[in-house]
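Reader: I should like to learn how the terms used for a protein structure are justified. May I put some questions to you with the structure in view?

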Amino acid sequence: MIRVVLPAHLRALADAGGEVELRVPGPVTQRAVLDALEARYPVLRGTIRDHRSGKRRAFVRFFACQQDLSHQPPDEPLPAAVAAGAEPYLIVGAMAGG
Amino acid sequence: MSGVRVLVGTRKGAFILTSDAGRTSWDVSGPHFPGWEIYHVAGSPADPDRLYASQSSGWFGQLIQRSDDGGRTWAPAGNEFSYDGEPGTHQWYDGTPHPWEFARVWHLEPSLDDPDTVYAGVEDAGLFRSSDGGQHWQELPSLRGHRSGPSWQPGAGGMCLHTIILDPHQPGRMFTAISAAGAFRSDDAGGSWRPINRGLRSDGIPDPEAEVGHCVHRLAMHPSRPGVLYMQKHWDVMRSDDAGESWREVSGDLPTDFGFPIAVHAHEPDTVYVVPITSDSHHFPPEGKLRVYRSRTGGDEWEPLTRGLPQQHCYVNVLRDAMAVDCLDDCGIYFGTTGGQVYASGDAGDSWLPVVRDLPAVLSVEVQTLS
């Protein structure tokens, strides 16, 4: 199972407590994980990436295994530790005040 | 038992204020959607239990929430706002062409007779409609596609379509306003549009009497007299007696004619309310005194309404969508401030009471009159 950590606002929106566990068929890529996440929680469509282009929203970042994966191609495999469920895939809202 | 439900959108969530017809004792619920910007909450005239809310965030974008029980429970509706076809460009702040980009929904206007039909005014300026209760949204593209569209420029708050008025007597006639393009009218349910800005004069643009480019802040109409429109422009309070074909200034003896909201009394089409703001660079009331001004003559002659409002050290603003009226026999007036107060008057503005004092900055106020 793939472990996904959502930012607080999206956890509340999806009514998902704590980490989300997802079964991802096929290669574990960022696109595959986000597709599975949005299939489980349709309310998250458009909140992390654009509906049509799939482009990441500007103030959302993707981290895993102490790496910033935000600029990685969406079809590149995620680290093996994420694919194995040992490490979570973090969806992060950029820090800002106000 | 009759009463009112006041729908308040703020920078950090939505609040619902309810009272019986006395409007002195209030129940406050919220925050709904805490931490999110709620630009607007609106109820269906055809079914007061049907509410729509625009929920947005700079991080996570736009959501539309819908309630079928008067705001007790909510469920997310559709949030895909895709411009029709190739969106083209408008003018950017530096004068260069800039692609139309969806930012947020500023205003929701439910249909007068169908709870499932609702219009959305968005930034970058465009008009969308849903006919399935907000699940799916389609653009009415001829407004954005007007020949003047490539010359539209954003105001300081973004290029937003913030006003949608549906004519209750002439089906298919609707009015919109865009900052900073101006006012537009359609007579065929949004199929085609034309600018209605003749008579406006804006010294901040190269041609002060241009067909488009005016920073219209708000339009208001009385449903019994849809040919008469009132406008709070960036500067100037204006009136049209021919459904926008021409405008004349009715600022009269206001202390300043800069401001954002404008509203019309529910039963007196010639009674109009504005909240004068010092200037375009000082977005707070003159002299630190929060005063609503009322005209009982359709403009030109105005009286300050101060009883119950702070008359010293007050430096809040009242935003364009943050004033509304109820339809009870004694017309109630409501407005919210950037300081988080919502004031109510149950006597047409003669006196005011704060319903709440410490909300987040108020972005919008709507009122439903319940029977």
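Author: The following exchange concerns a predicted model, and each answer sets a value against the definition it must meet.

Reader: Why is Phe128(B) called buried?

Author: A residue counts as buried if 20 or more other C-beta atoms lie within 10 Å of its own. Phe128(B) has 25 other C-beta atoms within 10 Å, and it is therefore called buried. This residue lies in strand β12 of chain B, residues 126-130.

Reader: Which residues are in contact with Phe128(B), leaving aside its neighbours within four places in sequence?

Author: They are Phe81(B), Tyr119(B), Ala120(B), Val122(B), Trp137(B), Gln138(B) and Glu139(B). In addition, the C-alpha atoms of Phe128(B) and Val118(B) are separated by 8.4 Å, although these two residues are ten apart along the chain.

Reader: What makes Asp15(A) exposed?

Author: The term exposed requires 12 or fewer other C-beta atoms within 10 Å. Asp15(A) has 8, so it is exposed. Its place is in the loop between α1 (8-14) and β2 (20-22) of chain A. Its phi is near 55°, a positive value in a residue other than glycine.

Reader: Why does Asp300(B) count as partly exposed?

Author: Partly exposed is the class between the two limits, 20 or more for buried and 12 or fewer for exposed. Asp300(B) has 15 C-beta neighbours inside 10 Å, and therefore it falls in that class. Asp300(B) is found in the loop between β24 and β25 of chain B, and its phi, near 75°, is positive in a residue other than glycine.

Reader: How do you know that β24(B) and β25(B) pair?

Author: Two strands pair if at least two bridges are found between them. Strand β24 (residues 292-295) of chain B and β25(B) have three bridges, in the antiparallel sense; the pairing therefore meets the definition. Within this pair, Arg294(B) stands opposite Glu303(B) of β25(B).

Reader: What makes β22 and β25 of chain B the edges of their sheet?

Author: The sheet is open, with four strands in the order β22-β23-β24-β25 (chain B) and antiparallel pairing. β22 (262-264) and β25 (303-305) each have a single partner strand, so one side of each lacks a neighbour in the sheet. On average, neighbouring strands of this sheet are turned by 30° against each other, direction ignored.

Reader: Why is strand β15 of chain B described as mostly covered?

Author: Six of the six residues of β15(B), 174-179, are buried. Met174(B), Thr176(B) and Ile178(B) point one way, while Phe175(B), Ala177(B) and Ser179(B) point the other way. In a regular strand, side chains alternate between the two faces of the sheet.

Reader: How do you know that β15(B) pairs with β14 and β16 of chain B?

Author: The definition asks for at least two bridges. Six bridges join β14(B), residues 160-166, to β15(B), and five join β15(B) to β16(B), residues 182-186. Both pairings therefore satisfy the definition, and the strands run antiparallel in each. Ile178(B) stands opposite Leu161(B) and also opposite Gly182(B) in β16(B). β15(B) and β16(B) form a hairpin with two residues between them.

Reader: How many residues of chain B are in contact with chain A?

Author: Eleven residues of chain B are in contact with twelve residues of chain A. On this side of chain B, three residues are nonpolar, seven polar and one charged.

Conventions: Residues numbered from 1 in each chain as written. Chains lettered and ligands numbered in written order. Predicted model: local features only at pLDDT ≥ 70, side-chain atom pairs only at ≥ 80, totals over all residues. Contact = placed C-beta atoms within 7 Å. Nonpolar A, V, L, I, M, F, W, Y, C, P; charged D, E, K, R; others polar. Axes fitted to C-alpha atoms, helices over the stretch in contact; angles between N-to-C directions.
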